[in-house]
Amino acid sequence: MANNLASAFGSPASASPSLASRARRAALVASVGALSLLASPVIAPAQTASAPVLEGRVSLADLAERVMPAVVNIAAVTTSDTRGRTLPQLPQLGPDTPFGDLFEEFFNRRGQGQQGQGQQGQGQPPQQRRSQSAGSGFVIDPSGIVVTNNHVIGDANEITVIFNSGLRLKAEVIGKDAKVDLAVLRVKHDKPLPAVKFGDSDKMRIGDPVMAIGNPFGLGGSVSSGIVSARNRDIQQGPYDTYIQTDAAINKGNSGGPLFNMAGEVIGINTAILSPTGGSVGIGFAVPSALASNIVDQLKEFGETRRGWLGVRIQSVDDATAEALGLGTARGALVAGIDDKGPAKPAGLEVGDVVTKFDGKEVKDSRDLPRIVAATPVGKDVPITIMRKGKEEVKTVKLGRLEDGEKVQPASVKAPAEAAKPAVTTALGLEFSPQTEELRKRYSIKDGVKGVVITKVDPNSNAADKRVLVGELVVEIGQEAVNSPEDVTKRLDALKKEGKKSALLLVSNAQGEVRFVAVSMN
């Protein structure tokens, strides 16, 4: 049975749209739970990370009692009207029609009489449809700042925050971030509210104990405990996936609730579960506080996120690519495209560069770079360490703002000039042909896209395994431009003389989007 990736927030009565994961289909399941309540006074900071031991078991009672007043249930109501919805068209019902009087009464009740079937009744107000969802959250400031998941509130018209004491307060949305699934709310009260603080998730180790509190299946104020099962999990839910995995029981309705360390600090926000049934099987995921706290601060201050932007398109570096680039080991993020209007271009970055450090932080793989860049202040001058043709260089870039960059169209990567028509060449399990008017029409190659056309792929070749396709173009080999099939032969011969085992191809599709592919020359 395929596992389902479900949000910890969900509804026993309805399911949300399915999502694709890397090796299997996964589904985010939304849930509506009944709302229970949580407690009130101000929480003192934890003095120690230890807990009393009772009959051989560690008791979390003191910890739970201290932090539970700051954990809340969240009720989100979305109201929409049904204006414009039409009823099915039916033929005119004559007086002798069997059950005609019943049909007429049925449709008249819904504003559809004999004089306008398919339309809402004349003068009838639109029907209101209400949907309710429930999740969890926690207060981080006594003035009334509440953190939860973005998917808990969605596009709700009305949000109510409910404390364990029974206190119910209307909430307004300060800001939301769909990329990391976070939302910040504000409630108002005449007294300071109980609050908890963020801890440092980077200090958590695999095996460290944790405690989750939330509103599973509408059972508010529920406590579960477990350990950190893994860190930096990529569950294919967004560009900044770096989840904490825990075996603490997290179920539908827990979304947006806190994951605590033993000092009573929030080190994660419970967001999703991996489950074949929709219930907890001991695999839950929480957004780490190291990522969340910066986003929460931005939402509080600006009402929106302000992420750093480099203006590059990147891909991962595998062993074959690392060998072809002379990196030694697979590391860093390979630049596969540069936005003409982005900060990277004036800084001197080029396609084929491998970013190994950014602002002094090591880039171990391509997943690291977007997270580090996004967390770096907009406008900062940042040193970037790159590997270019086997040599290390340092560039300085003035970061732009991602939200601004998303509004501009990414430019295609510049390619070498078109060459004359030499003979067809076969190598690496591929057949290379010069660009001709006939081939451009056959493969719908966009004007301005340069390179040598791939007209045949051996299905048993390494290139086929790397998903190189007929109709694509090779722009570079070994980080040098190829304009003709003859150039392909020369570059491959040169790489073999250098002792290379793989050839690094810059492959473009018909629309000009490029990627690097390392193909074995053996």
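## A buried salt bridge

In this predicted model, the side chains of Asp-177 and Arg-307 come together in a salt bridge, with a distance of 2.4 Å from N to O. This pair ties together distant parts of the chain, since Asp-177 belongs to strand β10 (residues 168–177) while Arg-307 sits in the loop between α4 and β18 (308–309), and the two are 130 residues apart. Both partners are out of reach of the surroundings in the sense that Asp-177 is buried and Arg-307 is buried as well.

## Salt bridges around Glu-304

The count of salt bridges comes to 21, and two of them involve Glu-304: one with Arg-306, at 3.7 Å from N to O, and one with Arg-401, where the closest N and O atoms are 3.1 Å apart. The pair of Glu-304 and Arg-401 again links distant parts of the chain, with Glu-304 in the loop between α4 and β18 and Arg-401 in strand β25 (residues 400–401), 97 residues apart.

Arg-401 has a relative accessible area of 17% and therefore counts as buried, the cut-off being under 20%. Glu-304, by contrast, is partly exposed because its relative accessibility is 33%, and Arg-306 is likewise partly exposed at 33%.

## The largest cavity

A search of the whole structure finds 4 cavities of 30 Å³ or more, and the largest cavity has a volume of about 70 Å³. Its lining is made up of Tyr-240, Leu-291, Asn-294, Ile-295, Gln-298, Arg-307, Arg-371, Ala-374 and Ala-375, so that Arg-307, the partner of Asp-177 in a salt bridge, also appears in this lining. Helix α4 (289–302) and helix α7 (368–374) each supply at least two lining residues, and α4 gives the most, with 4. By class, the lining has 5 nonpolar, 2 polar and 2 charged residues.

## The second largest cavity and pocket

The second largest cavity holds about 60 Å³ of space, and among the residues lining it are Lys-179, Asp-241, Thr-242, Tyr-240 and Leu-291. Tyr-240 and Leu-291 are also found in the lining of the largest cavity. By class, the lining of the second largest cavity has 6 nonpolar, 1 polar and 2 charged residues.

The second largest pocket contains about 650 Å³ of space and is lined by 22 residues, of which Asp-202, Asn-232, Thr-242, Arg-371 and Ile-372 lie nearest its centre. Two or more lining residues come from each of β13 (222–233), β14 (243–246), α4, β22 (361–362) and α7. By class, this lining has 8 nonpolar, 5 polar and 9 charged residues.

How values were computed: Residues numbered from 1 in each chain as written. Predicted model: local features only at pLDDT ≥ 70, side-chain atom pairs only at ≥ 80, totals over all residues. Heavy atoms only, no water. 1 Å grid on protein atoms, 1.4 Å probe; cavity = no way out; pocket = protein on both sides within 12 Å on 5 of 7 lines; lining within 4 Å. Points joined across faces, edges and corners; volume = space filled by probe spheres on them. Nonpolar A, V, L, I, M, F, W, Y, C, P; charged D, E, K, R; others polar. Salt bridge = Lys/Arg side-chain N within 4 Å of Asp/Glu carboxyl O. Buried < 20%, exposed > 50% of the residue type's maximum accessible area, 1.4 Å probe, protein only.
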